[in-house]
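The following exercises are to be worked through with the sequence and the coordinates at hand. Each task is followed by a solution in steps.

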Amino acid sequence: MGSIKMCQMMLFFAVLSAVLAVTSGKNSTDSYWLLRIKSELVDPVGVLASWYSRTNTCRWKGVVCSDDRLHIIGLNLSGSGLSGSISPEFSHLTSLQTLDLSSNNFTGSIPPELGLLQNLRELLLHSNYLSGKIPTEIGLLKKLQVLRIGDNMLVDEITPSIGNLMELRVLGLAYCQLTGSIPAAIGGLKNLQFLDLQKNSLSSVIPEEIQGCVELRNFAASNNKLEGEIPASLGNLKSLQILNLANNSLSGSIPLELGGLSNLKYLNLLGNRLSGKIPSELNQLEQLQELDLSSNNLSGTINLLNTQLKSLQALVLFDNLLTGSIPSNFCTSSSSLQQLFLAQNKLSGNFPLELLNCPSIRQLDLSGNSFGGVLPPALEKLENLTDLLLNNNSFSGKLPREIGNMSSLETLYLFDNTFTGSIPVELGKLQKLSSIYLYDNQLSGRIPREITNCSSLSEIDFFGNHFMGSIPATIGKLSNLVFLQLRQNDLSGPIPPSLGYCKKLNTLALADNKLSGSLPPTFRFLSQLRLFSLYNNSLEGPLPESLFLLKKLGIINFSHNRFSGSILPLLGSDFLTLLDLTNNSFSGPIPSRLSMSKNLTRLRLAHNLLTGNISSEYGQLKELKFLDLSFNHFTGEVVPELSNCKKLEHVLLSNNRFTGMIPSWLGGLQKLGELDLSFNFFHGTVPAELGHCSRLLKLSLNDNSLSGEIPPEMGNLTSLNVLDLQRNNLSGQIPSTFQRCKKLYELRLSENSLTGSIPSELGTLTELQVILDLSRNLFSGEIPSSLGNLMKLESLNLSCNQLQGQVPPSLGKLTSLHMLDLSNNHLRGQLPSTFSEFPLSSFMRNDKLCGPPLESCSEYTGQEQKRLSDTAVAGIIVAIVFTSTLICLVLLYIMVRIWCTWRKVMILSSDSGGTEHNMEEEKWDYGDEKKRKGEYWKVNTMALVPSKEKQNLSSPSCIFQLKMDSETMVGQGDVF
């Protein structure tokens with residue numbers, strides 16, 4: 001089907017060509033078409049100025065004519081600065097054999113009309129801005145030998161019609177945006193010698209048909225997305241000299257058949273997923289000069305021998321899983337090996353002495369392995385070595401002084417080992433040494449003055465050792481020094497003034513030492529300085545005013561020193577990105593010159609003695625991300641111009657004397673992650689607009705004079721980790737919207753006037769860990785049992801409120817809790833058993849709490865019951881005494897009445913005479929008889945009647961009562 005379509009296309013172009021030939025007449029000359037093409041191009045430098053009709057076409061710039069000068073056979077306009085699109089009119093130059101429009105600024109697509117140029121042998125359109133697909137009509141150019149259209153913006157698949165170009169020798173499609181697979185049709189190009197497909201997005205596997213390109217010498221398909229295994233059939237390409245498949249996703253093992261490519265000079269398979277062992281068959285590649293198998297998953301030992309690979313100059317095996325050590329017969333004195341890169345493997349053992357047999361080695365990289373032991377003094381045999389990289393191993397012991405005899409050495413990387421001792425003074429003989437990196441070792445002693453004899457030194461990094469003493473006074477001799485890193489040592493004394501004469505210095509890092517004194521005025525000569533780091537020293541005094549001349553400073557960190565005076569000398573650069581002067585004694589206001597640092601991203605001036613207001617000019621710092629002015633003496637209000645700093649992520653203004661209300665415009669800082677305004681004199685309410693800061697992680701407004709309610713918009717801060725509002729005058733309830741702040745791990749609301757109950761929704765904040773502090777408020781009601789869900793909570797303070805009820809048993813499940821304070825409330829009942837480890841003070845001054853560490857609830861209940869019994873007993877006793885007294889009084893009253901009544905009877909009896917008396921006496925006698933019969937005791941009634949003497953002695957009340965009774969009886973007469 002494809003061949004039929006191609007035939008139809010050829011027939012169409014043949015007819016079109018014939019029509020053009022008939023209709024064009026005399027205007028069909030090549031010069032006419034060239035002028036037409038010129039009219040469509042943009043020629044900014046006048047390269048085509050010689051193209052005009054009155055001159056001989058063969059003398060036009062870039063034009064090549066045939067021997068008979070009748071036809072144009074070549075057009076070379078490479079690198080002419082032309083722009084516009086490639087005109088379809090080129091199709092009229094039918095005799096054209098070479099068309100070179102490379103390295104210009106052409107845009108648009110490749111015109112399919114170029115397929116009409118049947119005599120074309122070379123088409124060079126590379127290095128332009130062409131887009132679109134590769135036209136299928138390219139396949140019509142049967143005589144084409146060179147096709148280079150790479151380094152453009154071509155897309156889509158490689159057209160299979162390229163497989164029709166049987167004469168093609170060079171195919172360059174690199175540096176485009178081509179996708180799809182490599183067409184199998186390319187395998188039919190028997191004459192193809194150069195195939196460059198690099199830097200595209202080609203995928204799928206490498207087609208087996210590629211073995212059909214029997215003349216192929218250069219196959220480069222690096223930096224694509226090729227996958228699968230490397231075809232073993234590539235071993236049939238006996239003419240292959242360059243094979244570059246780097247940076248793809250090829251997997252599997254390296255084919256043994258590659259060992260049969262006897263002409264191979266360059267093999268690059270880096271950056272794939274190859275595994276397994278390195279095949280020993282590669283030792284047969286006697287012509288091989290460079291072998292790069294780095295950044296794969298190759299394992300096993302190194303079995304490549306330079307004794308067989310006699311032409312090998314570069315062996316790159318870094319970033320694999322190779323183990324063991326280097327073979328003993330790896331190298332000979334006749335070796336050509338110059339580069340050996342074995343970094344980032346698992347090689348072990350002592351320094352491989354076998355390498356000392358390779359005097360030709362210039363670059364040796366064994367970094368990132370597990371080599372150990374001491375460095376051999378015989379290392380000096382590598383007299384041609386320029387770069388020695390042994391960093392990130394386990395080498396130990398002292399540095400051999402013989403290194404000073406390696407006169408060609410330029411780079412010495414020994415960092416991240418465990419070397420001890422001092423730096424050999426012999427290193428001062430290395431006149432070509434440009435970089436020495438010894439950081440992260442255990443070196444000690446003084447930095448030798450001789451090191452300053454290495455006049456080529458441009459980089460020194462001694463970070464993280466134990467060097468002591470002063471910086472060599474002669475360091476100013478290193479006129480080529482660009483990078484000086486001496487941080488984190490024990491250096492002391494003043495900074496030598498000669499350092500100011502290292503005028504090429506770009507980075508100066510002397511932090512984390514014990515340096516003292518003031519900055520030398522010679523630093524004014526460090527005009528190239530960009531990074532200036534002196535933090536954590538004991539430097540003091542005012543800054544030299546001449547530092548203002550350092551116009552390229554970008555990073556300044558003088559924190560944790562004793563500098564004083566104005567900070568103005570550090571503000572001379574317009575390129576400042578970081579200024580950290582924390583923990584010094586700088587004073588005075590912040591100079592307005594700071595507003596000129598338009599690129600400033602971090603400003604840290606905390607813990608100084610700075611005064612004044614925040615200038616409105618600082619609103620011009622549009623790139624500012626970190627602002628820390630805390631612990632100073634700043635006053636006034638926070639100026640609204642800072643709202644222009646939209647990139648602010650940290651605003652730290654705590655421990656100053658700022659006044660006014662918290663600005664509502666802070667809510668417009670959408671990137672704000674930390675806001676600390678604590679320990680100031682802010683008043684008014686908490687602005688609800690802060691709820692718009694959706695990225696806020698920490699909000700500290702404590703220790704101010706804020707009032708009103710906590711705005712419910714705080715619940716919108718769903719990223720918030722820390723909220724501190726303590727020690728203000730806030731009132732109202734905790735908003736229920738707090739339940740949306742699921743990432744809170746620290747919540748402090750103490751010492752306010754908050755009321756209501758503690759919201760049960762706080763129990764949903766399961767990330768709370770550091771503290772939940774609601775103390776010293778006016779909370780009432782019960783402690784919500786949902787707080788038992790806060791399993792990560794370490795500190796809970798609910799003291800000094802008006803909480804009631806029992807302590808929820810669920811709180812006993814808080815196994816992470818190590819600080820608890822429920823004191824000064826109205827709680828009662830039994831404490832959870834797990835609270836026994838907390839001190840008594842955690843529960844004091846409540847109503848009726850019991851259980852460990854307080855007294856046990858059983859004793860408490862017994863005492864309560866005992867107290868109830870005593871009261872009951874006392875009540876009963878009182879009742880008994882009262883009742884008994886009442887009964888006694890009643891009985892006494894009755895007895896007195898009886899006695900008084902009998903008394904009356906006796907008086908009446910005496911007045912009545914003997915008859916009645918006898919009759920009465922008989923009655924009693926009869927009664928006595930009954931008594932004697934056992935039913936009654938004998939009663940002598942007369943014994944109840946007192947004598948007259950006794951009557952006279954009766955109480956007046958009784959006499960009065962008797963008189964009354966007598967009168968009654970007399971009045972009643974016979975009734976008695």
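**Exercise 1. Locate Met-406 and classify its exposure in this predicted model.**

Step 1. Met-406 belongs to the loop that runs between strand 28 (394-398) and strand 29 (411-413).
Step 2. The relative accessibility of Met-406 is 0%. Buried means under 20% relative accessible area, so Met-406 counts as buried.
Step 3. Beyond four places in sequence, the contacts of Met-406 are Leu-379, Glu-380, Leu-382, Leu-385 and Leu-430.
Step 4. Gln-431 is 25 residues from Met-406 along the chain, and 10.0 Å separates their C-alpha atoms.

**Exercise 2. Carry out the corresponding analysis for Ser-630.**

Step 1. Ser-630 is placed in the loop between strand 47 (626-628) and strand 48 (633-636).
Step 2. With 5% relative accessibility, Ser-630 is classed as buried.
Step 3. Residues up to four places away in sequence are set aside; Ser-630 then touches Leu-605, Ala-606, His-607, Leu-652, Leu-653, Ser-654 and Asn-656.

**Exercise 3. Determine which residues are joined by salt bridges to Arg-727, and which network results.**

Step 1. The structure contains 10 salt bridges. In one of them, the side chain of Arg-727 meets that of Asp-703 at 2.6 Å, N to O.
Step 2. Arg-727 lies in the loop between strand 55 (722-724) and strand 56 (729-732), and Asp-703 in the loop between strand 53 (698-700) and strand 54 (705-709); the pair therefore ties together parts 24 residues apart in sequence.
Step 3. Arg-727 also forms a salt bridge with Glu-751, where the closest N and O atoms are 3.6 Å apart. Glu-751 is in the loop between strand 57 (746-748) and strand 58 (753-754), so that this pair, too, links distant parts of the chain, 24 residues apart.
Step 4. Asp-703 is buried at 15% relative accessible area, whereas Arg-727 is partly exposed at 30% and Glu-751 is partly exposed at 35%.
Step 5. Through shared partners, the salt bridges join Asp-703, Arg-727 and Glu-751 into one network.

**Exercise 4. Characterise the aromatic pair of Phe-658 and Phe-682.**

Step 1. The structure holds 21 aromatic pairs. The rings of Phe-658 and Phe-682 have centres 6.5 Å apart and planes at 15°. Planes under 30 degrees apart count as stacked, and the pair is accordingly stacked.
Step 2. Phe-658 is in strand 50 (residues 657-658), while Phe-682 is in the loop between strand 51 (674-676) and strand 52 (683-684); the pair thus ties together parts 24 residues apart in sequence.
Step 3. Phe-658 is buried at 0% relative accessibility, and Phe-682 is buried at 0%.

**Exercise 5. Which residues form the nonpolar surface patch that includes Ile-894?**

Step 1. Ile-894 lies in helix 3 (residues 857-912).
Step 2. Its relative accessible area of 39% makes Ile-894 partly exposed.
Step 3. The patch consists of Phe-882, Leu-886, Ile-887, Val-890, Leu-891, Tyr-893, Ile-894 and Ile-898, with about 780 Å² of accessible area together.

**Exercise 6. Summarise the chain as a whole.**

Step 1. The secondary structure comprises 6 helices and 65 strands.
Step 2. Of the 976 residues, 48% are buried.
Step 3. The chain exposes about 44500 Å², of which carbon and sulfur atoms supply 52%.

Note on methods. Residues are numbered from 1 along each chain as its sequence is written. This is a predicted model: local features need pLDDT of at least 70, side-chain atom pairs count only at pLDDT 80 or more; totals for chains, interfaces and linings use all residues. Side-chain values use heavy atoms; hydrogens and water are left out. Patches are made of residues with over 30% relative accessible area and no salt bridge: like charges are joined within 9 Å, nonpolar side chains (Val, Leu, Ile, Met, Phe, Trp, Tyr) within 5 Å. Accessible areas come from the Shrake-Rupley method with a 1.4 Å probe; for residues, only the protein chains shown count as cover. A salt bridge is a side-chain nitrogen of Lys or Arg within 4 Å of a carboxyl oxygen of Asp or Glu. Helices (H or I, at least four residues) and strands (E, at least two) are DSSP runs, numbered from the N terminus. Buried means under 20% relative accessible area, exposed over 50%, partly exposed in between (1.4 Å probe, protein chains only). Contact means heavy atoms within 4.5 Å. Rings of Phe, Tyr and Trp (its six-membered ring) pair if their centres lie within 6.5 Å; planes under 30 degrees apart count as stacked, over 60 as edge-to-face and the rest as tilted.
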